[in-house]
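Biologist: I have a model here and want a close look at a single part of the chain. Please start at the C-terminal end and work outward from there.

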Amino acid sequence: MTRPEAHVVAETDRQVTARRLLDSSAQLSYDPAHEVDWDTPLDSAFHGMSPEWSTLFGTAYWDDMTPEQQRELTRQEAASVACTGIWFEMILQQMMLRDFYAKDPTDPAFQWALTEIADECRHSIMFARGAAKLGAPAYRPRRVAVELGRVFKAVASGEAAYAAILVAEEVLDVMQRDWMRDERVVPFVRTINNIHVVEESRHMKFAREETKARLRGAGLVRRQVNALAVAIAAYVIVTNMVNRQVYANAGLDVSRAVREAGANEHHKAMLRSSCAGLMEFLDSAGLLTRPARLVYQRANLI
Ligand SMILES: [Fe+2]
Ligand SMILES: [Fe+2]
C-alpha cells in the first residue's frame, strides 16, 4: 500500500515561487474601486506626477511656464502615462492568457498567471478612471505603435513576452515609487501609484523568473532575436509614454514643447538611472546583446 506522502510530488522552484506569490497576493491586494478617493473633486493646486519627471522639467520652456501651467502639464503627462499603461496591460494580459492556454490548472504558476491578469484588469480600470479624473482625453499611442503592439501580443511568447512585460513594469515602477511619496502630487494619484507599486512587485518577480526559466537551453540565434525584439518593444513603449497632445492640453506651444522635450538631457538622465537595475538583469540573462544595447541607447534607457 502506498503511503499518502508518496503522492506528494516535490514542487519545482518555479512552482514554489508561484505559490509564494499567490500567498502574498492573498495577504495584500487592493480593490481600487474602494481604496482610491474617487469622490473628492480634483484640486488643481497639486501636480499629477513629481515635476522632476516631466518631459519639460529642466528646459527653458519649463522656466517660462507659470506654476499653474506646470501643474496642468504634469497632470496631463501623468494621465498619458496611465493611458500607455492601459495599452501595455492589455498586451500583456493577452500574452499571458495565450501562454497558459490549456495548461495544467493545478499548477500554482497557472493560478498565479490568472491572478496577475486579474490584477492588470483592475489596474487598467483604475488608470482609466484616474486619467479621466485628471481631466485628460483618451491618450493613445501612435498608430504605428498600436499596430506593432497588435502583432507583438499575437505572436510573442516565452522569454520575449516575459522580458517585454518586465521592461514595461520596471520603467513604470521607478517613476511611480517617486510619485507615491511626493506630497506635491495629488493624493488620489499617490494612492493609485501605491497600489500599483505593491502589486507590480509580484509581477516583476514572476517576469524575472519566467524570463530566466524560458531562456534555459535557448540557442544563440533565438537569444539574439528575442533580445532585439525585447529592446524594440522597450523603445516603442518608452517613446510612446507621453503623447504630444499633452502639451496642447496644457496650453503650450506644441512644436516648441516637442523640440525642447526631445533635447531634454535631464529627462534622459532620469530614464537612464531608473533603468539601471533592469539593464543589470537583462545583461545577466544574456539579453543585452550588442544590437539590443544600441536600441536601448536610442531609447535613452542605457
Ligand atoms: Fe499593472
Ligand atoms: Fe503587471
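What follows is one request and one connected answer.

Biologist: Take helix H14, residues 290-298. Which of its residues are buried, and which helix do they pack against? Then set that part in the wider chain.

Modeller: First, a caution: this is a predicted model. H14 spans residues 290-298, and its buried residues are Ala292, Val295 and Tyr296. They share one side of H14, because their arc around the axis is only 100°. The spacing fits a general rule. An α-helix has 3.6 residues a turn, so residues three or four places apart point the same way. The partner of this buried face is helix H9, residues 220-239.

Val230 gives a view of that region from another residue. Beyond its neighbours within four places in sequence, Val230 is in contact with Ala292. Ala292 is itself one of the buried residues of H14. The other contacts of Val230 on that count are Ala160, Ala163, Ala164, Val167 and Leu287. Helix H7 covers residues 158-181.

Val230 also belongs to the largest nonpolar core, which has 83 residues. Val230 is among the residues with the most contacts inside that core; the others are Ala164, Val167, Ala233, Ala234 and Ile237. In general terms, nonpolar side chains tend to be buried together in soluble globular proteins.

Now the end of H14. The segment after H14 holds Asn300. Its phi is positive, about 60°, although Asn300 is not a glycine. As a rule, most residues other than glycine have a negative phi. Asn300 is partly exposed, because 18 other C-beta atoms lie within 10 Å; a buried residue needs 20 or more.

Ala102 makes a useful comparison. Phi of Ala102 is also positive, near 60°. The residue sits in the loop between helix H4 (67-99) and helix H5 (108-133). Ala102 counts as exposed, because it has 5 C-beta neighbours inside 10 Å.

Helix H8 also ends with a positive phi. Gly217 follows H8, with phi near 85°. H8 itself covers residues 187-215, which is 29 residues. From first C-alpha to last it reaches 41 Å, close to the 42 Å expected at 1.5 Å a residue. H8 still bends, by about 30° at Glu200.

Back to H7, this time at Met180. Met180 has 19 C-beta neighbours inside 10 Å, so it counts as partly exposed. Leaving aside neighbours within four places in sequence, Met180 is in contact with Arg190, Asn193, Asn194 and Val197. The residues 187-215 make up H8. Thr191 is eleven residues from Met180 in sequence, and their C-alpha atoms are 6.8 Å apart.

Two other pairs span longer stretches of sequence. Ser25 lies in helix H1, residues 13-27. Ser25 is partly exposed, because 17 C-beta neighbours fall inside 10 Å. Not counting residues up to four places away, Ser25 touches Thr115 and Arg202. Ser25 and Thr115 are 90 residues apart in sequence, yet their C-alpha atoms are 8.2 Å apart.

The second pair starts at Ala263. This residue is in the loop between helix H11 (254-262) and helix H12 (265-274). With 10 C-beta neighbours inside 10 Å, Ala263 counts as exposed. Thr59 is 204 residues away along the chain, with 8.7 Å between the two C-alpha atoms.

The totals for the chain come last. The protein chain has 14 helices and zero strands. Among contacts between residues at least 6 apart in sequence, 86% join residues at least 24 apart. Buried residues make up 45% of the 302 residues. The radius of gyration is 20 Å, which agrees with the value near 19 Å for a compact globule of 302 residues. Along the principal axes, the C-alpha atoms fill a box of roughly 80 × 45 × 30 Å.

To return to your request: H14 has Ala292, Val295 and Tyr296 buried, and those residues pack against H9.

How values were computed: Residues are numbered from 1 along each chain as its sequence is written. Chains are lettered from A and ligands numbered from 1 in the order in which they are written. This is a predicted model: local features need pLDDT of at least 70, side-chain atom pairs count only at pLDDT 80 or more; totals for chains, interfaces and linings use all residues. Helices (H or I, at least four residues) and strands (E, at least two) are DSSP runs, numbered from the N terminus. The radius of gyration is taken over C-alpha atoms; the globule rule is 2.2 Å times the number of residues to the power 0.38. A residue is buried if 20 or more other C-beta atoms lie within 10 Å of its own, exposed if 12 or fewer, and partly exposed in between; C-beta atoms are placed from the backbone. Two residues are in contact if their C-beta atoms, placed from the backbone, lie within 7 Å. The arc is that of the directions from the helix axis to the C-beta atoms. A nonpolar core is a set of buried Ala, Val, Leu, Ile, Met, Phe, Trp, Tyr and Cys residues joined through C-beta atoms within 7 Å. The expected span of a helix is 1.5 Å times one less than its number of residues. The bend at a residue is the angle between axes fitted to the seven residues ending there and the seven starting there.
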